[in-house]
Amino acid sequence: MHRYKFVLTRPLQFLPVVFGISLITFILVRLIPGDPARNILGTRATPAAIASIRAQYGLDQPMWLQYVYFLKNLANGEMGKSILYKIDVLKLIVTRIEPTLALVVSSVVLSVLIAVPMAAIAARNAGRAPDHAVRIVSTFGIGFPPFWLGLMLIILFSVELGVLPVSGYGATTGEKLSHLVLPSLTVALSLSTVLTRSLRAAMIEQLKSDVATAARARGMPEGIVFWRHVLPNSLVPTINLLAVNIGWLIGGTVVVESVFALPGMGQLLVRAIFSRDYMVVQGVAMVFACATVLINFIADIVTVAVDPRVKL
């Protein structure tokens, strides 16, 4: 169990990270041009009305004092009140978590289902035509931006074939799943290319390892050698890469949710930025940051569990 001692100490290291993220987010949000009060009231708002709104939400206070109030709210499990939606930011975020969480989970699962077979085909045929085909596809896939890929999928499956919905989220479970197909596929096609290249390289290295050679010497069929020894030993670097890219994926939901009009946290963040809703921007950014840190923490635990040689 000594290999898992980092589980007790690592959360303490997250505190300065979260503090730094909160400070950077707070400053950057307030550097956005425009006045939230004027943006809400319109161009014909009177100075008295603008001053009233600013006083109501504490925008007339010095920045350092606003930041102190922000930290105090975080310590109490609150994130302030939305200027645009007129409700608590935390309650607002909770209503938007489901589409974003469903998108992230389905995208990761789909990415793994695409990457593992492609990497296996390439590794077991290294230097031959299937390997070259997989490498070409993965190389081109890295260059396709998600918003362009999403639009192409909409044109193909929604406009031309009419088999999948263009946008939205739906009400029932079946509708939600159908609305998630294209967004998940958009993300998965981008993420799986990176995973495929990493997993392919790890598999090729493991195919030449002493463990694989010893298994073949015992008369073990090549298929069993691959799936019992090569694949498990190839997963460690891929798990870490997947964790890093899930962090990118959480931030990338902003683009994908905007393209497919998913009512998730990414779309909420975009609207909050344009409306200068400081509290919502800060709240969503903090949730994204904490989720990224938590995912990397979980990835470290999985890495130690999978490979007994790893110590953190």
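# Helices, salt bridges and a nonpolar patch

E98 is partly exposed, with a relative accessible area of 42%. That class lies between buried (under 20%) and exposed (over 50%), using a 1.4 Å probe and protein chains only. This is a predicted model: local features need pLDDT of at least 70, side-chain atom pairs count only at pLDDT 80 or more, and totals for chains, interfaces and linings use all residues. Residues are numbered from 1 along each chain as its sequence is written, and side-chain values use heavy atoms, with hydrogens and water left out.

What does E98 pair with? Its partner in a salt bridge is K176, with the closest N and O atoms 3.0 Å apart. E98 belongs to helix α5 and K176 to helix α8, so this pair ties together parts that are 78 residues apart in sequence. A salt bridge here is a side-chain nitrogen of Lys or Arg within 4 Å of a carboxyl oxygen of Asp or Glu. Side chains of opposite charge can pair when their charged atoms come close.

By this rule the count is 2 salt bridges. R200 and D131 also meet through their side chains, at 2.7 Å from N to O. R200 sits in α8 and D131 in α6, so parts 69 residues apart in sequence are tied together. Both R200 and D131 are buried.

Now step back to the whole chain. It holds 12 helices and 0 strands. Helices are DSSP runs of H or I with at least four residues, strands are E runs of at least two, and both are numbered from the N terminus. Along its principal axes, the C-alpha trace spans about 85 × 55 × 35 Å. Of the 312 residues, 41% count as buried. Take contacts (heavy atoms within 4.5 Å). Among those between residues at least 6 apart in sequence, 73% join residues at least 24 apart. The chain exposes about 16300 Å², and carbon and sulfur atoms supply 70% of that. These areas come from the Shrake-Rupley method with a 1.4 Å probe; for residues, only the protein chains shown count as cover.

Return to D131 and its helix. α6 covers residues 129-143, 15 in number. From its first C-alpha to its last, α6 reaches 22 Å, close to the 21 Å expected at 1.5 Å a residue. The expected span is 1.5 Å times one less than the number of residues. Which residues of α6 are buried? They are D131, V134, S138 and G141. Seen down the axis, they fall within an arc of 95°, so they line one face of the helix. The arc is that of the directions from the helix axis to the C-beta atoms. An α-helix has 3.6 residues a turn, so residues three or four places apart point the same way. The cover over the buried residues of α6 includes α5 (89-124) and α8 (173-207). On the other side of α6, A129, F140 and G143 are exposed.

F140 also joins a nonpolar surface patch. Other members include I136, F144, W148, I155 and V255, and the patch has about 920 Å² of accessible area together. Patch residues have over 30% relative accessible area and no salt bridge; like charges are joined within 9 Å, nonpolar side chains (Val, Leu, Ile, Met, Phe, Trp, Tyr) within 5 Å. α6 and α7 (146-160) each supply at least two residues. The largest share, 6 residues, comes from α7. I155 lies in α7. At 41% relative accessibility, I155 counts as partly exposed.

End in α8, at Q206. Q206 is buried, at 16% relative accessibility. Leaving aside residues up to four places away in sequence, Q206 touches A212, V230, N233 and S234.
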